[in-house]
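This briefing is meant for someone meeting the structure for the first time. Please keep the view open while reading, and look up each residue as it is named.

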Amino acid sequence: MDERENNKHDNYDDHDESDDHHVDIENVARKEMRSNASSFSERDIREPLLRSRMNNTSQIAIVGANVYPIESLDYEIVENDLFKQDWRSRKKVQIVQYIVMKWTLVCLIGLSTGLVAFFNNLAVENIAGFKLLLTSNLMLENRYVMAFVTFAGGNVALATCAAVLCAYIAPAAAGSGIPEVKAFLNGVDAHSILAPSTLFVKIFGSIFGVAAGFVVGKEGPMVHTGACIANLLGQGGSRKYHLTWKWLRYFKNDRDRRDLITCGAAAGVAAAFRAPVGGVLFALEEAASWWRNALLWRTFFTTAVVAVVLRSLMVFCQSGKCGLFGQGGLIMFDVNSAVASYTTPDLVAVILLGVIGGIFGSLYNYLVDKVLRIYSIINERGPAYKVLLVISISLLTSCCAYGLPWFTVCVPCPAGLENQCPTVGRSGNYKNFQCKPGHYNDLASLFLNTNDDAIRNLFSSHDTHEFHLSSLVMFFSATFCLGIITYGIAIPSGLFIPVILAGASYGRVVGSLLGSISDLDIGLFALLGAASFLGGTMRMTVSLCVILLELTNNLLMLPLVMLVLLISKSVADSFNKGVYDQIVKMKGLPYLEAHAEPYMRQLAARDVVSGPLITFSGVEKVGNILHCLETTGHHGFPVIDEPPFAAAPELCGLVLRSHLFVLLKGKRFTKQKVLSGEDLLRRFHAHDFAKAGSGKGLKLEDLDIKQEEMDMYVDLHPITNTSPYTVVETMSLAKAAVLFRELGLRHLCVVPKTPGRPPIVGILTRHDFMPEHILGLYPDMKPHKKVK
């Protein structure tokens, strides 16, 4: 390739990682961010945050300074002589072992995710419960200043712990993690997305962040946690820790890891919402880019294991052995008082909620995008600034939660209540706050509670006038704004809970205003409001519908939830993309959409590749191979057979960079240019070329090639993929893009249409299908809005 094309691949598709390289990229990104700071607020919403196309996998790092190169994943089945020999030698018992081991791994994923979710909820409920109980007791003693100091001080301490973990140990753990998992399942890998350190910080950072009272949820982080657990179990063993069991080596490939991580993402949703079917549908609708029936079975089995584990542990906690956990923590909101039938005015009210949810959802996504871009100016200065930003948001959240209830009027306790009023303790619908006996503060009942209890209070149907309209409007405004400014700071933060809180608030407002014309229950209005806001922000339909039905344990609301989700999604789609798609785009992750951009139909495959390519002969000189590995970052090289090994130059196949490292490390060289495949097949085994876990494979510096070996030859035929996917050069780029995504490719060879030319024109990689690259080559081509 020419220099421009070489640089293009080096910078974008697949690059060897080193600390020095990371520092160089970081410095470039910092300079670029500073130079663009003046026009920062005017950036288009579709523009990636880092124009240099250097990617960063962490939510906080993409708006900060930790920039890492990305890699594509090898989902294609490599068919070379070595792997074919391994497949032929496998016995039936080994195939059975592989199947049993895969089912065992998905069972362990479900078991581990369920245990982590229970520990997460147990810790949050007890830590936050102790903090709120202490604050409530001080309020009862009229020690209001001390109560605020205790409340705010506890929040800041917990927030600082979460921020330090994220900023200094694992920046990739910040944010929800769903965009990263979605990109990984699309074929994009980057530094530390699913690393063990990210898993550790995701668990404990989420506990500290949610317990600190931030308007964030633990549901998004649970998806990332489940994916990290699946990645850890699917590493295929570890030589470092002496886990090299023979069966585990079968999983040292990206295809099996992709399936396991899909199961992990589904398990995360199932654990967060106690919604096993919703977890499967979430993986199908939102997370996974490739799906098949076998994967459906495995994800369903994984989520079933999660449900059993959580149910068993919750039964254990009902005996009072889990401290303040009790029966709460794991979300379950019963809305059983809803009317089963509904009239035309009720449907009008539901349609209105859907429109409101679509407008608010698109506005929410727009503001989240702008806030993330503003935070990048702060976060790129270093970890200390990230921690200071978290502390600032924590203080602001504490001031709102403790200060706003002072502006509301105390409400007399309703007569004939089964529950105590005012509530003594951390949870309940009736917080005393500063009110006299027999009265409660409705806004404090929402703010001075865990987020789960606040949602449970909003979904309550006991009393239509339980919350003043002014209190609901104030709570909606606070959660809407706090949710926006909290997402993007250096803590694990999910979007589900803030959106549900805000949506339930305005849903209850609409229910109160339309109570005279609609017979729907006020709690049902709150649920439909939450559904409309979820549909407007996340643009999911089927999975959200099932998750909400499993949350509320009431199938009678199915038609209304379906209607409100469809309307809110349709309205919001006319303004911008879903929040996760928007963040993936902003982070610069090269996500391949299911449909090609319309302008790609005007181009052919040959229009975005350049030549001549860097190619190898079937029997190549060692020095030439080493020189190419040193001077390029390509991860795939065409192998051309030439006379005397072929009558005319022909494409033998494609050889991977990682396989070349293993081959050169083995030093099975010959002094003459002859075929030596039989010797290589005896010397090497298929597992020698298996992909190492967590990027611990061989690197260029691991090779020790002596000067006298540079003029020797090595036969590449045994490790060459002899059946790479190829397209003719005249195929439209749109058609090639669909083929590339549907097959999960990393390299797509472009071959000439006419004879008498070199056997290969170029190689298409993921980068070649990105709009930024194509429009950079053809600036006069105008992108069109894609029709959904």
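A salt bridge is counted here when a side-chain nitrogen of Lys or Arg lies within 4 Å of a carboxyl oxygen of Asp or Glu. In this predicted model, a network of such salt bridges links Lys102, Asp256, Arg258, Asp259 and Arg292, and a search of the whole structure finds 20 salt bridges. The points below begin with the chain as a whole and then turn to particular places.

**The chain as a whole**

- The protein chain contains 27 helices and twelve strands, and buried residues account for 60% of its 788 residues.
- Of the contacts between residues at least 6 apart in sequence, 80% join residues that are at least 24 apart.
- The chain exposes about 30800 Å², and 60% of that area is supplied by carbon and sulfur atoms.

**Lysine 102 and its surroundings**

- Lysine 102, one of the members of the salt-bridge network, has its place in helix α5, which covers residues 92–140.
- With a relative accessible area of 2%, lysine 102 is buried, because that value falls under the 20% cut-off.
- The side chain of lysine 102 is joined to that of aspartate 256 by a polar contact of 2.8 Å.
- Leaving aside residues up to four places away in sequence, lysine 102 touches Phe251, Asp256, Asp259, Arg292 and Arg298.

**Helix α7 and its salt bridges**

- Helix α7 spans residues 178–186, and nine of its nine residues are buried, so the helix is largely enclosed by the rest of the structure.
- Among these buried residues are the charged Glu180 and Lys182, together with Ile178, Val181 and Phe184.
- The side chain of glutamate 180 meets that of lysine 587 in a salt bridge, at 2.8 Å from N to O. Because glutamate 180 belongs to helix α7 while lysine 587 lies in the loop between α22 and β5, the pair ties together parts that are 407 residues apart in sequence.
- Both partners of this bridge are buried, glutamate 180 having a relative accessible area of 1% and lysine 587 a relative accessibility of 0%.
- Lysine 182 forms a salt bridge with aspartate 581, in which the closest N and O atoms are 2.3 Å apart. Since lysine 182 is in helix α7 and aspartate 581 in helix α22, this pair ties together parts that are 399 residues apart in sequence.
- The partners of this second bridge fall into separate classes, for lysine 182 counts as buried at 5% relative accessibility, whereas aspartate 581 counts as partly exposed at 26%.
- After α7 comes glycine 187, whose phi is positive, near 115°.

**A salt bridge between neighbours in sequence**

- Glutamate 742 forms a salt bridge with arginine 741, the closest N and O atoms being 3.9 Å apart.
- Glutamate 742 is partly exposed, with a relative accessible area of 45%, while arginine 741 is buried, with a relative accessible area of 7%.

**Glutamate 285 and the segment it touches**

- Glutamate 285 lies in helix α11, made up of residues 276–287, and at 29% relative accessibility it counts as partly exposed.
- Residues up to four places away in sequence being left out, glutamate 285 touches Met540, Thr541, Val542 and Ser543.
- From C-alpha to C-alpha, glutamate 285 and methionine 540 are 7.3 Å apart in space, although 255 residues apart in sequence.
- The side chain of glutamate 285 also reaches the backbone nitrogen of valine 542, at 3.4 Å.

**A nonpolar patch on the surface**

- Val164, Tyr168, Ile169 and Phe200 make a nonpolar surface patch of about 390 Å², to which helix α6 (residues 144–169) gives the most, with three residues.
- Phenylalanine 200 is found in helix α8, residues 196–211, and counts as partly exposed at 43% relative accessibility.

**A sheet of three strands**

- Three strands form an open sheet of mixed pairing, in the order β5-β7-β8. The strands β5 (616–617) and β8 (650–656) stand at its edges, each with a single partner strand, so one side of each is left without a neighbour in the sheet.
- Strand β7, residues 636–641, pairs with β8 in the antiparallel sense over six bridges, and aspartate 641 has glutamate 650 in β8 as its bridge partner.

Definitions and conventions:
Residues numbered from 1 in each chain as written. Predicted model: local features only at pLDDT ≥ 70, side-chain atom pairs only at ≥ 80, totals over all residues. Heavy atoms only, no water. Helix = DSSP H or I, 4+ residues; strand = E, 2+ residues; numbered from the N terminus. Buried < 20%, exposed > 50% of the residue type's maximum accessible area, 1.4 Å probe, protein only. Contact = heavy atoms within 4.5 Å. Polar contact = N/O pair within 3.5 Å; in protein donor to acceptor, adjacent residues only side chain to side chain. Patch = residues over 30% accessible without salt bridge, like charges linked within 9 Å, V, L, I, M, F, W, Y side chains within 5 Å. Areas by Shrake-Rupley, 256 points an atom, 1.4 Å probe, with all protein chains shown as cover. Pairing = 2+ DSSP bridges.
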